[in-house]
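Hello,

Here is the structure I promised to pass along. Please open it beside this email, and I will walk you through what turned up.

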Amino acid sequence: MTFQIPFQLPYAVPKTVDDFYVSTSNEEAFSWVQKEGWPFPILLVCGPEGSGKTHMAHVFSKHVFKAKDLKEEDIPLLPSRVAIEDIDEVRDETIIFHLYNYTKENQKQVLLTTRSVPLFKLADLKTRINSLPVVYIHAPDDSLMMALLCKSFMERQVEVDSEVISYLMTHLERSYRAIHQLVMAVDTYSLSLKRRITIPLIKDALKKMEKETLF
């Protein structure tokens with residue numbers, strides 16, 4: 001059988017309030033993100049890869065930065081409401097330490113995101129991070145999993161039958177990463193075969209993913 005390698009064209013992923021699907025898995029975090037004022041200057045949002053942290057950051061502020069790209073001289077220039085992503089990937093822990101102190105001293109409002117509460121080596125930073133209010137994004141429940149599957153296919157401009165979604169709901173690992181990987185893999189696979197996405201094709205793709213031969 002001859003396979004064709006499809007082009008991976010970019011596609012737009014909206015990051016507005018209306019495009020965010022709220023369920024019991026993320027409602028607490030999202031409710032805090034939408035508030036105009038907090039009784040504290042810094043909030044830490046923890047969630048797995050692909051759980052919507054970046055979307056929340058963009059809902060919270062139009063000023064969104066990656067922690068690993070932040071420099072000490074940038075901190076005094078940050079706006080009053082800002083989101084800093086992936087603090088667990090920061091290269092220099094003193095950046096987060098200075099960010100914390102500057103935020104507290106200057107009444108900024110800062111949203112920090114991370115996959116889990118970081119285990120920083122700096123003792124003072126570790127103490128400060130552990131004192132922050134934390135909200136968690138949990139594994140997707142049924143309604144969120146179904147919404148993410150439909151949304152992910154739709155963003156890639158792929159039409160699938162409801163039977164396909166129902167099948168995936170009972171045969172796919174319940175994680176954000178699994179959902180995103182599956183949709184990308186199945187879309188690529190169906191394009192290479194020039195076949196519609198059906199349950200037989202899904203079964204074949206899942207087998208190939210298990211054997212790590214799809215990519």
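**Cysteines and disulfides**

Searching the whole structure turns up zero disulfides. Please keep in mind that this is a predicted model. Two cysteines are worth finding on your screen. Cys46 is buried, at a relative accessible area of 1%, whereas Cys150 is partly exposed, at 37%.

**Strand S1 and its partners**

Cys46 also brings us to strand S1, which covers residues 42-46. How many of the five residues of S1 are buried? Five of the five are, so the strand counts as mostly covered, buried being under 20% relative accessible area. If you look at the two faces separately, Ile42, Leu44 and Cys46 lie on one side, while Leu43 and Val45 lie on the other, and these residues are all buried.

S1 has a pairing with strand S4, in which the two run parallel and are joined by five bridges. Within that pairing, you will find Leu44 opposite Leu112 of S4. S1 also pairs with strand S5 (residues 134-136), again in the parallel sense, over three bridges. Here Val45 is the residue to click on, as Val45 stands opposite Val135 in S5.

**A cavity lined by H3 and S4**

The structure holds one cavity of 30 Å³ or more. The space in this largest cavity comes to about 30 Å³. Which residues line the largest cavity? They are Ile42, Ile96, Leu99, Tyr100, Thr103, Val110, Leu112 and Ile129. H3 and strand S4 (109-114) are the elements that give two or more residues to this lining, and H3 provides the largest share, with four residues. Sorted by class, the lining of the largest cavity has seven nonpolar residues, one polar residue and no charged residues.

Two names in that lining should look familiar from the strand section. Ile42 lines the largest cavity and is one of the buried residues of S1. Leu112 is in the lining too, and Leu112 is the S4 residue that stands opposite Leu44.

**Asn101 in helix H3**

While you are looking at H3 (residues 93-106), have a look at Asn101, which sits in this helix. Is Asn101 buried or exposed? Asn101 is buried, with a relative accessible area of 19%; the cut-off for buried is under 20%, so Asn101 falls within that class. The Asn101 side chain makes a polar contact with the side chain of Arg128, at 3.2 Å.

**The second largest pocket**

Next, please turn to the second largest pocket, which holds about 250 Å³ of space. Helix H7 (176-193) and helix H8 (199-210) are the elements that give two or more residues to its lining. Eleven residues line this pocket, and those nearest its centre are Leu172, Glu173, Ala178, Leu206 and Met209. What is the lining of the second largest pocket made of, by class? It has five nonpolar, three polar and three charged residues.

**Tyr167 in helix H6**

The last stop is Tyr167, in helix H6 (residues 162-171). Tyr167 is buried, with a relative accessible area of 15%. Its partner for this final view is Ile202: the two residues are 35 residues apart along the chain, and their C-alpha atoms are separated by 8.8 Å.

Happy browsing, and do write back with any questions.

Best wishes

Note on methods: Residues numbered from 1 in each chain as written. Predicted model: local features only at pLDDT ≥ 70, side-chain atom pairs only at ≥ 80, totals over all residues. Heavy atoms only, no water. 1 Å grid on protein atoms, 1.4 Å probe; cavity = no way out; pocket = protein on both sides within 12 Å on 5 of 7 lines; lining within 4 Å. Points joined across faces, edges and corners; volume = space filled by probe spheres on them. Nonpolar A, V, L, I, M, F, W, Y, C, P; charged D, E, K, R; others polar. Disulfide = S-S within 2.5 Å. Buried < 20%, exposed > 50% of the residue type's maximum accessible area, 1.4 Å probe, protein only. Polar contact = N/O pair within 3.5 Å; in protein donor to acceptor, adjacent residues only side chain to side chain. Pairing = 2+ DSSP bridges.
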